[in-house]
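Welcome! Please open the model in your viewer and get ready to select a few residues as we go.

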Amino acid sequence: MESQDIRKKRKTRNPSPIVTTIMVLVLLVAIACQKKPEPAPLPPLQVTAFPVGKSPSSLAFDGEYVWVANTGENTVTRLRLDGGVIGIYQVGNEPVAITYGGGYIWVSNFRDGTVSKLTLSGQTIKTFKAGKEPVSLAYWEGALWVASYADNTVVRLSGDGEMLSGITVGKHPRALAAGMGHLWTANQGDSTLVKIGKQGNIVATYPVGTAPSPGMFTDREPGPVNLASDGKSIWLAFPQMKVLTRINENGVPGGYYPLEGGPDAIVAGANNIWIINKASDTVTQFDKNVIPVRTTVVGRSPSDIIYDGRSFWVANQEDNTVTRIDR
C-alpha cells in the first residue's frame with residue numbers, strides 16, 4: 001500500500017511542459033490585450049492678444065514691464081502685464097532686437113547699424129555704432145553683446161558704447177544667448193554654433209547642420225536662426241529644415257525634433273521648452289522629456305517669445321499684436 005506521502009507527491013506534482021506553455025501563452029495574450037490608460041489631456045492655455053506697433057519683431061522683460069520693438073514703425077512699446085500700453089518711444093531705423101540689462105533697455109537698429117540705449121521710462125539717452133546690420137543683442141557679464149549679420153561679428157560694448165572686444169564668428173550670425181558660463185552665437189550662413197568666453201574670445205566652434213546654400217536675411221539659408229539655453233543644453237531652431245536640435249555644452253548633439261511649422265524663436269520656461277512655429281502661427285511646448293505636449297495658436301507670423309516668470313509673450317508681426325499665454 002502506498003504511503004500518504006507518496007500520494008501527496010502525486011497530487012502536487014508539477015504540470016507537464018505542454019500545459020505550462022499553454023498557460024504562458026494565455027497570460028501573454030491577456031497582457032497584450034490590456035489597454036493602456038490614455039494620458040489625461042492638458043488643460044487649455046488662456047490666450048490674450050494686445051495691439052502694439054507695426055510689425056513687432058522682438059520682446060524684452062525688465063522685471064515689471066514688457067517691451068516690444070516695432071520694426072515697421074521704428075518704435076518701442078512698453079506694456080503693463082495686463083497688456084495696457086504705458087508708452088511708445090521712437091528709436092532708430094528698423095529695430096529688430098531688444099533686450100534688458102544693467103538697468104537699461106537696449107535696441108538694435110538694423111538699417112542704421114546702431115544700438116539705442118533707453119531708460120526704463122523710455123527716454124533714449126545714447127545711440128552708438130554697433131556694426132553693420134546688428135541683428136541680435138544679449139546683456140551678459142556687465143556688457144552689451146551685439147551680433148552683426150553683415151559683418152559676421154560679435155562685439156562687446158560697455159554701457160557707454162565703448163568697444164571692449166570684437167571677434168569674427170561664423171557667416172551671418174543670427175542669434176545670441178547666454179548659458180552654462182558662456183555666450184553662444186548661432187550662425188545661419190554656415191550652420192555653426194560658436195562658444196564665446198567672458199572676455200570675448202572664441203572658445204570653440206561646432207558644426208550643427210547641413211552645408212549652407214546661397215541666401216540673404218530672408219531665411220533661405222538652412223542654418224540656425226535662433227537659439228536658447230535651458231541651463232543644460234543649447235537648443236537651435238532650423239526653420240528651413242523644419243527641425244529643432246539639442247546640443248550639449250561640448251557641441252555633442254542630443255536630439256533632433258521635427259516641427260512642420262518651421263521652428264524659430266525659443267525660450268526655456270516653467271521647466272519646459274517653448275518654440276515658435278512661424279509658418280503655422282503656433283507655439284509648441286516640449287516637456288522635460290522632450291516630448292511635444294501641446295501646441296497653441298497665436299497671432300500671424302510670430303517672431304519672438306519671452307517668459308516673465310508667470311506668462312509667455314509672443315510678438316505677432318502680421319497682426320501688429322503681442323499674445324500673452326497664461327498657464
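Which residues lie nearest the centre of the largest pocket? Select S58, L59, S136, N226 and D304: of the 42 residues that line this pocket, these are the ones nearest its centre. Bear in mind that you are looking at a predicted model.

**The whole chain.** Now zoom out and colour by secondary structure: the protein has two helices and 28 strands. It runs to 327 residues, and 53% of them count as buried. Turn on the surface next. About 15,900 Å² is exposed, with carbon and sulfur atoms supplying 53% of that area. If your viewer can draw contacts, try this as well: among those with a separation of 6 or more, 38% join residues 24 or more positions apart.

**Back to the largest pocket.** Its volume is about 1,200 Å³. To see which strands help to line it, select these, each of which supplies at least two lining residues:

- β2 (56-61) and β6 (95-101)
- β10 (134-140) and β14 (173-179)
- β18 (226-229), β22 (263-269) and β26 (302-307)

Then colour the lining by class, and you will find 26 nonpolar, 10 polar and six charged residues.

**The second largest pocket.** For the last stop, select D230, K232, N271, I273 and K288, which lie nearest the centre of this pocket. Its lining comprises 14 residues, and its volume is about 270 Å³. Here β22 and β23 (272-277) each give at least two residues to the lining. You met β22 at the largest pocket too. Colouring by class shows five nonpolar, four polar and five charged residues around the second largest pocket.

Terms used:
Residues are numbered from 1 along each chain as its sequence is written. This is a predicted model: local features need pLDDT of at least 70, side-chain atom pairs count only at pLDDT 80 or more; totals for chains, interfaces and linings use all residues. Side-chain values use heavy atoms; hydrogens and water are left out. Helices (H or I, at least four residues) and strands (E, at least two) are DSSP runs, numbered from the N terminus. Buried means under 20% relative accessible area, exposed over 50%, partly exposed in between (1.4 Å probe, protein chains only). Contact means heavy atoms within 4.5 Å. Accessible areas come from the Shrake-Rupley method with a 1.4 Å probe; for residues, only the protein chains shown count as cover. On a 1 Å grid over the protein atoms alone, a cavity is a set of points where a 1.4 Å probe fits but cannot get out, and a pocket is an open set with protein on both sides within 12 Å along at least five of seven lines; lining residues have an atom within 4 Å of a point. Grid points are joined across faces, edges and corners, and a volume is the space filled by probe spheres set on the points. Ala, Val, Leu, Ile, Met, Phe, Trp, Tyr, Cys and Pro count as nonpolar, Asp, Glu, Lys and Arg as charged, and the others, Gly among them, as polar.
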